[in-house]
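Trainee: I would like to take a close look at one part of this protein. Could you walk me through the place where its domains meet, and then show me what lies around it?

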Amino acid sequence: MKAIIANAYGEPDALEFGELPTPKVGPDQVLIEVRAAGVNPVDWKVLAGYLDPMMYAYFPLIPGWDVAGVITQLGLDVPEYQVGDEVMGYVRRDEVQHGTYAELVAAPVRTLARKPAALSWQQAGALPLAGLTAYQVLNRVGLSSGETVLIHAASGGVGSLAVQIAVARGARVIGTASERNHDFLRSLGAEPITYGDGLADRVRALAPEGIDAAADFVGSGVIELSQDLLRDRSRIASIADGSVGEKGGHQVWVRPSAVDLTALAELADAGKLTVPIDTALPLAQAAEALEVSKKGRSRGKIVLEVS
């Protein structure tokens, strides 16, 4: 099969587009013919070796944890699916080697859900990691209907999904973004505000009585600022600031969950969740896609088209 290959830690430009054997399919796995693979910041961080202290990596390594495609082979014990089923998944294992930047992926069923009919292959391939991150962050802060949530970096790949999930729950959303993305956030149902100096005052102008919850997807020193706005200082979660736990909030590292991913699929099919795509490139241009991700200016998701 064709795949993107890293032979050592390094920069995206060291990636190769080459041939690797067809993956073995374990008892509780399925073989997926990949249609699209989402690109996430963690992918280039893995390649750079940033996750080496917590995760074993084995080379040659295929990057990527997001996938959407068609099942072509079942493991020995997979009653959940049939050959030909369309699925999407956040295929993260406990070690890094067999990723999703490839024509074929062997995926544990615990990481998968059925592809929403409402989403394209690109959108389904880009949804799992970012969508699960947004969903699990909002769960961790206990967001419910009628509450007000402040979402930092609300126009990004994760933030734009968190906005939609929060709106679907009946929450009021205040989202930070640059002014060029304000109309985009309004289209998703959020009230946009500009980040930077004076942010707390701008939030107070919209929510004089304070906010109920906060989600940090940027990690640029917004924890204490957000806590000063919160009625309950513990109701903040971050994926980007390791100090949040010390300050009484919650640090979230997204987990594969077929249940949560199915909930996201149901929101999509109900017309309550879409996946904005910023950049779509062919698999062979994975290095270019990762460079786009490193710039951190995408409005929506980056995805590789595989088949």
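How much area is buried between domain 1 and domain 2, and what share of it do carbon and sulfur atoms give?

Mentor: Happy to! Please keep in mind that this is a predicted model. The area buried between domain 1 and domain 2 is about 1,500 Å², and carbon and sulfur atoms give 63% of it.

Let us see who takes part. Domain 1 covers 2–129 + 256–305, while domain 2 covers 130–251. Their contact draws on 23 residues from domain 1 and 17 residues from domain 2. Between the C-alpha centres of domain 1 and domain 2 there are 26 Å. On the domain 1 side, the residues that lose the most area to domain 2 are L129, D260 and R299, which together account for 32% of what that side buries.

What holds for charged and polar pairs here? Between domain 1 and domain 2 the count is 0 salt bridges, but there are 10 residue pairs in polar contact. Two elements, α3 (128–140) and α8 (258–269), each give two or more residues to the side of domain 1 that touches domain 2. Of these, α8 gives the most, with 5 residues. Sorted by kind, the residues on this side are 13 nonpolar, 5 polar and 5 charged.

Now follow α3 and α8 to a neighbour, helix α4. The buried residues of α4 pack against α3 and α8, and also against β10 (148–152), β11 (172–176) and α5 (182–188). Helix α4 spans residues 159–168 and is mostly covered, with 8 of its 10 residues buried. Those buried residues are G159, S160, L161, A162, V163, Q164, I165 and A166. After α4 comes G170, with a positive phi near 90°.

On the other side of α4 in sequence, look at A153, in the loop between β10 and α4. Most residues other than glycine have a negative phi, and most peptide bonds are trans. A153 is a residue other than glycine with a positive phi, near 60°. Its relative accessible area is 26%, so A153 is partly exposed. For the peptide-bond half of that general statement, turn to F59 and P60, which are joined by a cis peptide bond with omega about 0°. P60 sits in strand β4, residues 56–62.

Next, find S238 in strand β14, residues 236–238. S238 counts as buried because its relative accessibility is 0%. A polar atom of the S238 side chain lies 3.0 Å from the backbone nitrogen of A240, and a polar atom of that side chain lies 2.9 Å from the backbone nitrogen of D241. Leaving out residues up to four places away in sequence, S238 touches D216, I223, V244, H250, Q251 and V252.

Although the count between the domains is 0 salt bridges, the count for the protein comes to 11 salt bridges. Side chains of opposite charge can pair when their charged atoms come close. One such pair is D212 and R231, whose side chains meet at 2.6 Å, N to O. D212 lies in the loop between α6 (199–206) and β13 (213–216), and R231 in the loop between α7 (223–229) and β14, so this pair ties together parts that are 19 residues apart in sequence. D212 is buried, at 15% relative accessible area, whereas R231 is partly exposed, at 48%.

Another salt bridge joins R114 and D85, with the closest N and O atoms 3.1 Å apart. This pair links distant parts of the chain, 29 residues apart: R114 is in strand β9 (residues 112–114), and D85 is in the loop between β5 (66–74) and β6 (86–90). R114 is partly exposed, with 41% relative accessible area, while D85 counts as buried at 17%. R35 also forms a salt bridge with E33, where the closest N and O atoms are 2.8 Å apart. E33 is partly exposed, with a relative accessible area of 31%.

For contrast with the buried residues, finish at K24, in the loop between β2 (16–19) and β3 (29–39). K24 counts as exposed because its relative accessibility is 78%. Leaving out residues up to four places away in sequence, K24 touches Q29 and A106. K24 and A106 are 82 residues apart in sequence, yet their C-alpha atoms are 6.9 Å apart in space.

Definitions and conventions:
Residues numbered from 1 in each chain as written. Predicted model: local features only at pLDDT ≥ 70, side-chain atom pairs only at ≥ 80, totals over all residues. Heavy atoms only, no water. Domains from an automatic or database assignment. Contact = heavy atoms within 4.5 Å. Buried area = accessible area lost by both parts, 1.4 Å probe. Salt bridge = Lys/Arg side-chain N within 4 Å of Asp/Glu carboxyl O. Polar contact = N/O pair within 3.5 Å; in protein donor to acceptor, adjacent residues only side chain to side chain. Helix = DSSP H or I, 4+ residues; strand = E, 2+ residues; numbered from the N terminus. Nonpolar A, V, L, I, M, F, W, Y, C, P; charged D, E, K, R; others polar. Buried < 20%, exposed > 50% of the residue type's maximum accessible area, 1.4 Å probe, protein only.
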